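Biologist: Please take a close look at the charged side chains of this model and at how they pair. I should also be grateful for an account of how much cover the residues concerned have.

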Amino acid sequence: MNKLTLLMSILLLGNGTGVSGLSVFQPVAEGSPTTEVNTEAAKQADDVNQEIETSEGLEETTASSSEADPESEIVTTEENQIETSSTETFSDKEDDDPPKEKASTFADGLQDEDGYWLAGDLATLRTYIVTDKKKEIRLTADIDIAATALPLYDGFVLDGAGHTITYNKGILAAAGFYLQVTGATVTMKNINFGNPDGSGAVGYYGIITCYDANPNINMIFENINYITTNGQPLYNINGKIIFRGNNTFNQTGSGYSQEWAEANYIEVESGITNVYHNTTASYGFIYAHGTNSNSPYASSINVVVRSGAVFDVETSHAFFYSAAASYDQSIIVEDNGTLKVKQTSTNSVKSRFIYPNLGTSAATDFCFGKNANVQLDLKGSIPLYSSRGGMTVGEGAVYEMNVEEGQMFSLSTLGTFSMNIDNVKRAAFNGTADGTLGIRSSNTAISNLSFRGTNRIKVDAYSNASTELPSTTFNKVDTALYVSNTTYQNVSGDTLSAPELSAFATSKRLVFSSVWVPDVLSVSVSDESSQGATLSVNSENHGLPATKVIYYLFTEEKDIGVPEKAKYIYTLTDLSQQADGFYNYDADDLNPNTKYWMQVVVSNTNGQGDWSGPISFATDPGLKSLEIINDEDLTETTAKISGAFANNTGLWTDFSNGVDNPAGNQTADFGASFTDALIQLEYSRNSDFSNAESISVENRFGDNDSQFTEELTGLRPSATYYVRVRATAVSGREIVLPLVYEFETKYGEYIDVSIPVEMLFGTDNSEAATESAGTIYSKGASYEVVNQGNVDTAVQVTGFTPKNKAAENLKLLPDMNGQVASNQLALKLLMSGASSSEIFLTPELQISPVMIGIMNTTDENKLQLDFGGKFFNPIGEVLFPSYTMTLRFEKSE
């Protein structure tokens with residue numbers, strides 16, 4: 001009869017410690033002794049003195065000024081030029097050689113703390129200007145200059161300090177203030193011109209008359225209040241007129257009350273300039289007729305409103321009146337600037353915004369910057385006719401154009417005028433004729449209307465200008481159109497549908513406004529399982545609440561972006577429990593082991609945002625079954641495990657007939673194959689799978705290779721095992737499937753013991769000079785042999801052999817009768833358990849094995865091993881013997 005047998009070996013070590021005799025081996029730690037260092041840097045509060053070098057540069061500034069005397073000879077001009085006269089209030093003698101007494105009085109005149117010369121009467125003012133040519137003068141009282149000739153010069157500044165100047169120029173140019181210095185700059189500030197009843201500001205040629213022959217004069221007005229019923233405030237046809245601070249003009253009446261300005265260039269640099277202009281003479285508000293070739297603004301008309309400034313005009317005249325149809329027209333409103341123009345006349349000429357009709361050589365440039373505010377209340381269309389150029393309404397701008405009769409513009413097909421509406425806050429065009437805008441072109445391939453928004457631009461088209469609600473509304477991102485009167489055609493960008501183009505064509509009012517629909521910032525998928533996943537989106541809703549979130553899942557990459565191709569569409573409308581901008585949906589009806597592509601769309605009260613970019617994810621494989629099918633598949637030491645993955649068990653919805661006509665409960669056929677998947681069976685005798693072993697699953701079959709079998713071998717009889725599947729499938733993730741199968745192998749006897757790996761023995765150095773010198777002891781922890789099998793087991797020592805030279809040089813004795821001072825060792829193995837015994841360890845054990853104990857499977861399943869005996873040369877050289885002891889385990893009969 002065959003017996004269960006198990007052979008095992010134990011390494012026995014005897015070692016020295018630098019003292020004669022045998023002792024336990026003390027292992028030396030690997031590497032050199034080290035000192036533990038705290039690697040965290042100590043923070044020290046060192047005082048760091050930093051010398052800061054400063055250098056002060058002394059900048060020497062040399063101020064120089066050139067003063068040009070006014071020309072003594074006055075030339076009579078031709079038509080459209082200034083009429084002049086030599087009439088003066090003061091005598092030539094006073095001009096050329098003032099009395100010494102008066103000159104002395106003026107020389108002792110007072111100066112303000114800031115250096116301004118103070119003038120409280122006309123005589124002092126005239127002397128300062130005509131004789132002394134002082135640069136900075138401040139009034140201390142109201143002054144009537146009547147027709148007194150006061151020729152100004154470069155750098156002249158007059159501060160009225162809130163006082164009033166009255167004058168009566170009539171038709172004279174060299175009366176009152178005038179200027180004949182090319183390139184000069186003069187400033188008038190803090191002055192009231194004219195009386196509250198409109199008298200006191202009389203005459204052509206303005207407050208300051210700038211001669212036509214002297215171009216590029218800069219005329220600056222700051223905090224001016226001008227009232228007249230018989231005068232014109234501004235005349236500088238070849239230079240600049242610039243406004244700063246807060247200025248008001250009230251110009252009414254007839255006679256000399258004609259244009260507000262005869263100039264080619266008006267600039268509102270800062271503050272607010274308000275103009276009320278309602279006169280009966282002439283046709284224009286700004287009349288441009290300067291042609292001096294040395295002026296950069298010759299043969300053009302320009303209005304510039306600088307950043308933050310306001311120009312507010314009400315006029316009964318044409319806003320721009322040019323001397324010829326070839327004059328370029330320019331209105332620039334910089335970022336945050338404001339321009340308001342209201343026309344009140346019904347006269348066929350005065351009611352026009354621009355006069356005359358522009359020719360093909362005229363360029364138009366209407367540019368309204370970021371956050372500009374422009375309002376034009378006009379009587380009729382702006383007659384651009386054959387001009388070239390265009391209009392741009394910039395980011396965040398508010399533009400409103402109201403035309404009482406007709407379209408916004410009157411153009412011929414010869415013109416090349418275009419409109420660019422760029423991310424505006426709101427641009428409204430309100431007219432009474434179809435097509436609204438009225439722009440035209442003969443080239444259908446070139447866009448002359450474009451509108452775009454950083455997020456969206458909304459277009460409201462009104463077929464009836466008086467209704468509150470638009471007839472058509474749609475959103476676009478970037479669109480370019482060809483327009484010719486009521487014909488609108490797509491050129492590039494986001495195309496308009498036929499109904500949308502028709503809405504433009506029949507509109508009498510168009511409103512463009514930036515609207516902010518949600519921007520998807522990111523999408524993600526988490527917590528994937530075999531049938532579910534958490535779908536997430538993060539969106540920027542631009543201050544408006546999200547109203548809907550739609551998740552689209554596709555199973556083929558080529559289908560992304562097409563709702564009808566989606567296999568799953570999940571719609572969230574109740575977002576009350578979700579954090580603003582972060583929306584999650586737990587899908588629980590997906591197909592196992594399937595790759596998906598997801599896109600998300602978020603809507604707010606302004607509408608639906610763009611689709612997100614696609615991301616891919618995959619569900620995990622699902623395990624349908626794991627088992628031992630047949631009884632013959634299980635033996636004492638083997639088990640044939642069979643399993644099946646969940647394959648195409650999901651359902652999906654067919655949207656091919658439109659997302660509003662879904663056909664649900666379609667059987668999935670898009671699950672991935674398991675052919676190339678990495679599949680392993682893990683098995684262990686412990687339910688927590690500690691000390692688990694694994695085997696690759698190679699035998700696969702069925703649809704998508706979703707079924708498998710694999711045999712486990714080398715199992716222990718009568719033992720409980722736990723089996724699970726570890727797989728890396730289409731997702732690429734290595735996962736452990738949750739299904740665990742438990743089974744027990746068939747009954748069979750087996751031996752299983754645990755033994756020490758090594759055992760240590762030696763002498764005790766402290767006994768070297770005593771009678772106990774050389775006594776052998778166990779060194780180290782307790783040494784046990786334990787029966788872990790299911791049969792009673794007998795233990796035999798079947799061998800004891802030397803492993804090194806020291807062991808070979810020692811003579812092993814079978815008893816305690818050794819010779820003193822000789823290299824002889826009586827080494828005993830001591831056993832305790834159900835009973836106690838001892839044997840001497842000698843090479844003869846290989847010939848005559850010795851039974852040392854029997855262990856049962858219950859209360860006496862352990863055998864304690866220790867050392868004893870004697871080394872007979874304890875004061876000799878240190879020895880380091882090493883032995884191998886072989887144990888045999890058998891079923892006890």
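Modeller: Glu404 is a suitable starting point: its relative accessible area is 48%, and therefore it counts as partly exposed (buried means under 20% relative accessible area, exposed over 50%, partly exposed in between, with a 1.4 Å probe and protein chains only). This is a predicted model, in which local features need pLDDT of at least 70 and side-chain atom pairs pLDDT 80 or more, while totals for chains, interfaces and linings use all residues. Residues are numbered from 1 along each chain as its sequence is written, and side-chain values use heavy atoms, without hydrogens or water.

The partner of Glu404 is Lys379, and their side chains form a salt bridge with an N to O distance of 2.9 Å (a side-chain nitrogen of Lys or Arg within 4 Å of a carboxyl oxygen of Asp or Glu). Glu404 belongs to strand S30, residues 398–411, and Lys379 to strand S28, residues 373–385, so that distant parts of the chain, 25 residues apart, are linked (strands are DSSP runs of E with at least two residues, numbered from the N terminus). Unlike the partly exposed Glu404, Lys379 is buried, because its relative accessible area is 18%.

The salt bridges in the model number 27. Another is formed by the side chains of Asp631 and Lys746, at 3.4 Å from N to O. Here too distant parts of the chain are joined: Asp631 sits in the loop between strand S45 (622–627) and strand S46 (639–646), Lys746 in the loop between strand S55 (741–744) and strand S56 (753–754), and the two are 115 residues apart. Asp631 is classed as exposed because its relative accessibility is 55%, whereas Lys746, at 33%, is classed as partly exposed.

The pair Lys828 and Glu838 can be viewed together with its surroundings. Their side chains meet in a salt bridge of 3.4 Å, N to O. Lys828 is in strand S62 and Glu838 in strand S63, so this contact ties together parts that are 10 residues apart in sequence. Lys828 counts as buried because its relative accessible area is 15%; Glu838 counts as partly exposed because the value there is 44%.

The backbone joins these two strands as well. S62, residues 824–832, and S63, residues 837–840, pair in the antiparallel sense over four bridges (two strands pair if DSSP finds at least two bridges between them). They form a hairpin that leaves four residues between them. Across this pairing, the residue of S63 that stands opposite Lys828 is Phe840.

Not every contact of this kind is confined to two residues. Asp112, Asp114, Arg138 and Asp159 are linked in a network of salt bridges. As a general point, side chains of opposite charge can pair when their charged atoms come close.

Two residues without charge may serve for comparison of cover. Val303, in strand S21 (residues 300–305), is buried because its relative accessible area is 0%; its C-alpha atom is 10.0 Å from that of Ala263, 40 residues apart along the chain. Leu437 lies in the loop between strand S32 (426–430) and strand S33 (449–462), and it counts as buried because its relative accessibility is 0%. The C-alpha atoms of Leu437 and Leu449 are separated by 9.6 Å, with the two residues 12 apart along the chain.
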